[in-house]
Amino acid sequence: MVTLLINSIYRATEGEGIHIGIPQIFVRFQGCHIGCVNCDTKESWDFDPAFTMELDEVMEKVEVLSQNLIKRVSITGGDPLHPSHVPSLKALVQELKARNYFVNLEAAGTRIVPEVFDLVDFVSFDIKTPSTQVKTSRDVLSRFVEAYGQKAQVKAVVFDKKDFEYVFDFYKSVPESVRFKPSWCLTPCYEPGEPFPMNRFQQVIRLNEDFGLPFRVIGQQHKWVFGPEERLV
Ligand code: SF4
């Protein structure tokens, strides 16, 4: 029997990154120890063994939401790659693939987990910027791009010019021979409680132009449509 620590399972339209606009089912794991200060899902940080689901229950909920029409699942968190999740995460991905789902994995960018990355169809891999107050490794990013870049996006939330320059330095640190493999995507920060940050969006777009247009700039559509604090959208 496989038991999973799940925060929520819901159907929504992807609101960010290069798959923006695609309806899918989100499976959000509980628990994260990474601690980004501008995290917009802090309610997922706790590990709460009182709320577990068996793999059969998770698949039943996914199938009900799918209605055999939406064959895409995005696995997110929390930190679905926390070592304590990996065995159950792997079992979930195997079951989803056996039922012909396209599986996207949202990875925090702190670790590479080949036994899971090899199974999924796509990995969204974060660069944690200075405004998150979390450090990520250029070496980890380079190894990820080399091994999995052909089925990945590298994504960073950008608050200001310092964040932008930091991501640009990471981008330049990846060997040119593999840098082209993933999509590189900037998400202008849109924090809970603030009005739509138009000036920040414009600044990120202009910085991208000034630095030679290496990135795609894609905002968090669900936040301007539903508001930055709305959940399960
Ligand atoms: S890794 Fe994700 S869930 Fe964890 S703190 Fe950072 S943004 Fe929040």
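**Exercise 1. Place β4 in the sheet.**

Task: Which residue of β4 is the bridge partner of R28?

Solution. In β4, R28 has T76 as its bridge partner. This is a predicted model: local features need pLDDT of at least 70, side-chain atom pairs count only at pLDDT 80 or more, and totals for chains, interfaces and linings use all residues. Residues are numbered from 1 along each chain as its sequence is written.

Step 1. Fix the terms. Strands (E, at least two residues) and helices (H or I, at least four) are DSSP runs, numbered from the N terminus. Two strands pair if DSSP finds at least two bridges between them.

Step 2. Take the first neighbour. β2 and β4 are parallel and share 4 bridges.

Step 3. Take the other neighbour. β4 and strand β5 (residues 102-107) also run parallel, joined by 4 bridges. Here S74 is partnered by N104 of β5.

Step 4. Check burial. A residue is buried if 20 or more other C-beta atoms lie within 10 Å of its own, exposed if 12 or fewer, and partly exposed in between, with C-beta atoms placed from the backbone. In β4, 4 of the 5 residues are buried, so the strand is largely enclosed by the rest of the structure.

**Exercise 2. Order the sheet and pack its helices.**

Task: What is the strand order of the open sheet, and which strands are at the edge?

Solution.

Step 1. Read the order. The 9 strands run β3-β1-β2-β4-β5-β6-β7-β8-β9, with mixed pairing.

Step 2. Find the edges. β3 (52-54) and β9 (216-217) each pair on one side only.

Step 3. Add helix α1 (residues 55-66). This helix packs on the sheet and touches β1 (3-13), β2 (23-29), β3 and β4 (72-76). Contact means C-beta atoms, placed from the backbone, within 7 Å. The direction of α1 makes about 5 degrees with that of β1. Axes are lines fitted to C-alpha atoms, for helices over the stretch in contact, and angles run from 0 to 180 degrees between N-to-C directions.

Step 4. Add helix α5 (residues 161-173). It touches β7 and β8, and its direction makes about 155 degrees with that of β7.

**Exercise 3. Describe β7.**

Task: How many residues of β7 are buried, and which point each way?

Solution.

Step 1. Count. In β7, 7 of 7 residues are buried.

Step 2. Split the faces. A152, V154, A156 and V158 point one way; Q153, K155 and V157 point the other.

Step 3. Trace the pairing. Strand β6 (residues 122-126) joins β7 in parallel through 4 bridges, with V123 partnered by A152. β7 (residues 152-158) joins β8 (residues 183-188) in parallel through 6 bridges, and A156 is partnered by L186.

**Exercise 4. Test a helix and survey the ligand.**

Task: What should α7 span, and which residues surround the ligand?

Solution.

Step 1. Apply the rule. The expected span is 1.5 Å times one less than the number of residues. The 13 residues of helix α7 (residues 198-210) should therefore span 18 Å; the end C-alpha atoms are 18 Å apart, which agrees.

Step 2. Look past the helix. Just after α7, G212 has a positive phi of about 90 degrees.

Step 3. List the shell. C32, I34, G35, C36, C39, T41, S44, G77, G78, D79 and A108 surround the ligand. A residue is near if its C-beta atom, placed from the backbone, lies within 6 Å.

Step 4. Sort the shell. It holds 5 nonpolar, 5 polar and 1 charged. Ala, Val, Leu, Ile, Met, Phe, Trp, Tyr, Cys and Pro count as nonpolar, Asp, Glu, Lys and Arg as charged, and the others, Gly among them, as polar.

Conventions: Two residues are in contact if their C-beta atoms, placed from the backbone, lie within 7 Å.
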